[in-house]
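Please open the model in your viewer and keep the selection panel at hand. The tour below goes from one selection to the next and says what to look for at each stop.

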Amino acid sequence: GKMSPGSMHEAWEYTVEKVAINAVMAGAKPEYLPLILAVASSRITSLFSSTTSFARIMVVNGPIRDQIGMNSGMGAMGPFNQANAVIGRAWTLMSKNLGGAGILGDTYMGSQGNSLSYNNLCIAENEAQSPWRPFHVEKGFRPEESVVSLFHGWSIAHGMGVRNIKKRFQEQISGLFSIFNVYSSATSLGGALVLMDPLVAEELKETEGFDTKEKLSQWLYDHSLVNYEDFWNNEIVIAFTRPLARQGIEPFASRIKLPQDAMMPRFPSPKSINIIVVGGGTNSFWQAGDFRYLGSASVDAWR
């Protein structure tokens with residue numbers, strides 16, 4: 001494979017042996033290697049060179065989760081599970097040692113850095129307690145396939161489900177999404193990742209009628225708006241998204257023609273809002289981050 005910190009940097013080459021060496025340095029067991037190799041095969045660095053201190057997230061689906069003892073339940077996003085912590089850490093070491101990333105002032109320019117970059121928030125989806133299709137099935141894989149999916153963004157904030165959940169959920173999600181800057185949400189590079197405890201997912205399905213993730217993503221898209229002027233006058237939008245609008249690329253070509261006082265969808269499309277069920281069901285919490293989906297890789301190809 002090859003990996004680089006960004007398009008302006010040289011891509012370094014690596015072999016299965018070199019990936020295995022970095023996996024051992026991270027503390028990986030032999031049974032973790034197919035998953036780590038799948039990440040390596042994506043050619044996606046965990047340490048992208050930008051002044052804006054990006055981070056990455058890794059979500060694992062399919063039988064591999066239970067086979068190697070990953071945590072998708074209580075404390076899944078914490079430092080309590082070896083597989084979660086080690087596999088995420090291996091991605092950082094690969095990015096540094098095999099991809100040339102993480103050299104301060106050279107191939108890493110994040111002004112403040114990001115604590116998530118240590119092990120990149122590596123989790124498994126709680127498929128057993130989810131009322132919806134697993135994430136990898138949404139992306140076209142079979143349920144019995146083992147798949148790792150990668151995301152790119154900045155940070156995560158959280159809310160708490162309560163009674164009259166749809167109204168409260170809308171208030172909370174609107175508040176959280178509003179702290180995303182327009183670059184991380186409404187631009188052509190935007191997206192969101194909602195990490196939802198099984199209790200919240202079940203409540204949204206049973207009492208609010210969201211029997212699929214797709215319906216919930218559509219609702220979030222419809223109820224997450226941004227002011228026209230705030231969007232189109234943003235310097236990042238001027239640089240990256242206005243040119244797309246002028247070229248006639250949708251949805252931006254239509255949105256730039258709206259009235260100056262219009263409210264626009266915050267995200268490019270409903271598909272740019274992805275939902276993962278994770279957690280142990282001890283409290284009805286959910287979290288959301290400005291992380292967009294980068295892609296998925298098969299683990300089974302590396303067994």
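Which residue in β12 is the bridge partner of His152? Select His152 together with β12, bearing in mind that this is a predicted model, and you will find that the partner is Arg292. Widening the selection to β5 (147-153) and β12 (292-298) shows two strands that run antiparallel and are joined by six bridges.

Next, show the whole sheet to which these strands belong, an open sheet of four strands in the order β4-β3-β5-β12, with mixed pairing. Its edge strands are β4 and β12, each of which pairs on one side only. If you look across the sheet, neighbouring strands are turned by 25° against each other on average, with direction ignored.

From the sheet, move to helix α4, residues 82-97, whose 16 residues should span 22 Å at 1.5 Å a residue, and whose end C-alpha atoms are indeed 22 Å apart, so the expected and modelled spans agree. At the start of α4, select Asn81 and Ala83: a side-chain oxygen of Asn81 reaches to within 3.0 Å of the backbone nitrogen of Ala83. Then colour the buried residues of this helix, among them Ile87, Trp91, Leu93 and Met94. The buried residues of α4 pack against strands β3 (55-61), β4 (122-124) and β5 (147-153) of the sheet just visited, and also against β1 (2-3), α1 (16-26) and α2 (33-41).

The last stops are salt bridges, of which a search of the whole structure finds nine. Begin with Glu214 and Arg133, whose side chains meet at 2.7 Å, N to O. Because Glu214 lies in helix α8 (residues 213-222) and Arg133 in the loop between β4 and α5 (135-138), the pair ties together parts that are 81 residues apart in sequence. Glu214 counts as partly exposed at 38% relative accessibility, and Arg133 likewise counts as partly exposed, at 42%.

Now select Arg142 and Glu145, which form a salt bridge with their closest N and O atoms 3.8 Å apart. Here Arg142 is partly exposed at 47% relative accessibility, whereas Glu145, at 13%, counts as buried.

Finish with Lys215 and Asp211, whose side chains meet in a salt bridge of 2.9 Å, N to O. Lys215 is partly exposed at 43% relative accessibility, and Asp211 is partly exposed at 38%. Elsewhere, Glu125, Glu138 and Lys213 can be selected together, since salt bridges that share partners join them into one network.

How values were computed:
Residues are numbered from 1 along each chain as its sequence is written. This is a predicted model: local features need pLDDT of at least 70, side-chain atom pairs count only at pLDDT 80 or more; totals for chains, interfaces and linings use all residues. Side-chain values use heavy atoms; hydrogens and water are left out. The expected span of a helix is 1.5 Å times one less than its number of residues. Buried means under 20% relative accessible area, exposed over 50%, partly exposed in between (1.4 Å probe, protein chains only). Contact means heavy atoms within 4.5 Å. A polar contact is a pair of N or O atoms within 3.5 Å; within protein, one must be able to donate a hydrogen and the other to accept it, and residues adjacent in sequence count only if both atoms are side-chain atoms. Two strands pair if DSSP finds at least two bridges between them. Axes are lines fitted to C-alpha atoms, for helices over the stretch in contact, and angles run from 0 to 180 degrees between N-to-C directions. A salt bridge is a side-chain nitrogen of Lys or Arg within 4 Å of a carboxyl oxygen of Asp or Glu.
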